[in-house]
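Me: I should like to go through this structure by question and answer. Please reason briefly each time and end on the value or name requested.

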Amino acid sequence: MANLEEVFGVSKDQVLSYYERKDVDGLFQDALISDKQIIVYGSSKQGKTALVDKHLPYDENIVVRLTPKSTLVDIYKSILEDLGYEITIQKTIESKTSKESVGSADTTVGFAVIAKATGKIEARNTNEQSELLLSKKIELNLELANDVAKAIKSVNLDKKIILENFHYLNDEVQRQLAFDLRSFQEDGVRFIILGVWREKNRLVQFNGDLLDRVIEVPVEPWETEEFQEVINIGSKHLNIRISPEIVNEITGNAFDSIGVVQELVKSICKQSSVFSTQPATVIIDNTELLEIAKREKVQDYSARHIRALESIAEGRKSTHQTKTGQIPLFLAYYTVRAFLESDFEDIIRGVRREYLEAKIKTVHHRPNGIKPADMSNLLYNFAALQSEKNITPPIFDYDRGSSTMRVIDSTFYFFLRNVDKAKVLEQLNNPLDSYET
């Protein structure tokens with residue numbers, strides 16, 4: 001007997017409709033037996049967490065869930081504490097060669113870390129376990145990967161370290177960690193990094209030395225046949241049979257999003273009063289149920305995405321400051337507007353910077369005032385803007401390597417295809433309407 005929530009839908013727990021894909025699951029399994037760091041990436045709600053947890057259970061390994069405020073020290077401190085270390089951080093005055101200045105040319109603040117760990121050992125010739133306090137104290141610098149690696153290895157770590165939400169880290173922390181990953185790899189400490197982006201070699205852009213030291217596992221794209229397998233597996237658990245017509249409609253309306261597939265099937269099951277495994281096979285062939293499910297999900301997604309677009313369009317207050325007599329550029333608003341006025345196929349492919357800038361200038365109130373530095377400042381900080389607006393997961397990601405803005409929330413395509421974009425645009429507050437010179 002299985003409950004509907006255990007079979008279909010987007011969930012933090014593994015669903016029973018999970019389908020192993022040879023090109024994805026196979027690549028991840030091969031990566032696990034290598035000595036390399038592993039990067040799992042793709043849009044949100046595309047199965048990154050499910051993939052990792054399937055083959056590397058979260059509760060058996062070290063998991064650090066990152067936030068926009070996470071620093072390198074925060075990350076390493078969390079890892080060591082998970083291993084049982086007690087971290088005591090003592091501020092000390094060090095020489096001026098230390099990295100972090102406190103405003104004087106002669107003194108800087110550093111961290112002396114005293115770490116001790118507790119662990120369990122099995123008594124010889126008995127089945128009893130006894131507590132062992134590791135008497136050796138370790139002095140280390142949490143900013144040095146080699147120090148952290150030694151501390152990890154000193155407790156004979158068999159676990160792997162899973163870093164969730166890597167995309168939340170600011171660029172500087174991502175860059176620092178990209179360099180540290182090489183040191184960890186050489187010391188035999190393995191990381192699994194999950195991030196919401198769509199381009200290859202994201203971390204290699206920060207550190208070229210990682211090129212042959214990491215294995216990247218993209219969870220996209222999903223093929224139509226794979227969606228059908230997910231539906232078939234889940235249907236067996238619930239003892240239902242969904243008509244081929246409805247299955248084809250679901251996969252055709254999902255826009256390559258497994259999250260949308262899962263949610264549409266779940267909605268259809270609820271409308272059919274299927275909340276658990278059925279005693280007798282239930283046939284679901286009423287196509288009107290899919291139309292109801294689509295309207296329901298459009299409403300659900302619209303509520304979130306419209307609020308997100310409104311927040312992004314507001315931009316940062318600091319960017320609204322300008323010279324006396326000049327109206328601010330309000331580039332965040334015009335960027336959202338440009339997306340909503342673009343063709344759907346262009347959005348799917350990703351919007352190139354030059355196209356985006358040209359489109360903005362055609363409707364901008366100060367087209368000649370837009371400088372390349374203004375666009376760079378906006379695009380390079382788009383992730384930070386979404387983070388400040390509490391948009392999780394983020395909708396957009398700017399790939400500096402290809403100079404392309406991409407949608408990284410897989411439900412956003414479904415939303416755009418099924419709403420009136422002109423009406424959404426009308427709901428956005430035009431900053432010019434309320435600006436006072």
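Me: Is glutamate 388 buried, partly exposed or exposed?

Reply: The model is a predicted one. Glutamate 388 has a relative accessible area of 48%. Buried requires under 20% and exposed over 50%, so glutamate 388 is classed as partly exposed.

Me: With which residue does glutamate 388 form a salt bridge, and how far apart are the closest N and O atoms?

Reply: A salt bridge calls for a Lys or Arg side-chain nitrogen within 4 Å of a carboxyl oxygen of Asp or Glu. Glutamate 388 meets this with arginine 316, the closest N and O atoms being 2.7 Å apart. The pair links distant parts of the chain, with glutamate 388 in helix α15 (residues 382–388) and its partner in the loop between α10 (287–314) and α11 (331–340), 72 residues apart. The partner has a relative accessible area of 22% and is partly exposed. The residue and distance asked for are arginine 316 and 2.7 Å.

Me: How many residues apart in sequence are the parts tied together by arginine 202 and aspartate 397?

Reply: Arginine 202 and aspartate 397 form a salt bridge, with the closest N and O atoms 3.1 Å apart. Arginine 202 lies in the loop between β8 (191–195) and β9 (214–218), and aspartate 397 in strand β13 (residues 396–399), so the pair ties together parts of the chain whose separation is 195 residues.

Me: Are arginine 202 and aspartate 397 buried or exposed?

Reply: The cut-off for the buried class is under 20% relative accessible area. Arginine 202 falls in that class, as does aspartate 397. Both residues of this salt bridge are therefore buried.

Me: Which residue forms a salt bridge with lysine 12, and what is its relative accessibility?

Reply: Lysine 12 is exposed, with a relative accessible area of 73%. Its salt bridge is with aspartate 13, the closest N and O atoms being 3.4 Å apart. Aspartate 13 counts as partly exposed, with a relative accessibility of 46%.

Me: How many salt bridges does the structure hold, and which residues are linked in a network?

Reply: The structure holds 24 salt bridges. A network of salt bridges links Arg182, Glu186, Asp209 and Arg213.

Me: Which residues form the negative surface patch?

Reply: One member, glutamate 225, lies in helix α7 (residues 224–238). At 51% relative accessibility, glutamate 225 counts as exposed. The patch is formed by Asp23, Glu223, Glu225 and Asp256.

Me: Why is strand β1 described as largely enclosed, and which residue of β8 stands opposite isoleucine 39?

Reply: Five of the five residues of β1 (residues 37–41) are buried, so the strand is largely enclosed by the rest of the structure. Both faces are covered, with Gln37, Ile39 and Tyr41 on one side and Ile38 and Val40 on the other. Strand β1 runs parallel to β8, to which four bridges join it. Opposite isoleucine 39 in β8 stands isoleucine 193.

Me: Which residue of β9 stands opposite valine 40?

Reply: Strands β1 and β9 run parallel and are joined by five bridges. In this pairing, the residue of β9 opposite valine 40 is valine 217.

Me: How many of the nine residues of helix α16 are buried?

Reply: Among the buried residues of α16 are Phe412, Tyr413, Phe414 and Phe415. Helix α16 (residues 410–418) is largely enclosed by the rest of the structure, because its buried residues number seven of the nine.

Notes:
Residues numbered from 1 in each chain as written. Predicted model: local features only at pLDDT ≥ 70, side-chain atom pairs only at ≥ 80, totals over all residues. Heavy atoms only, no water. Buried < 20%, exposed > 50% of the residue type's maximum accessible area, 1.4 Å probe, protein only. Helix = DSSP H or I, 4+ residues; strand = E, 2+ residues; numbered from the N terminus. Patch = residues over 30% accessible without salt bridge, like charges linked within 9 Å, V, L, I, M, F, W, Y side chains within 5 Å. Areas by Shrake-Rupley, 256 points an atom, 1.4 Å probe, with all protein chains shown as cover. Lys, Arg positive; Asp, Glu negative; His and termini not counted. Charge placed at Lys NZ, Arg CZ, Asp CG, Glu CD. Pairing = 2+ DSSP bridges.
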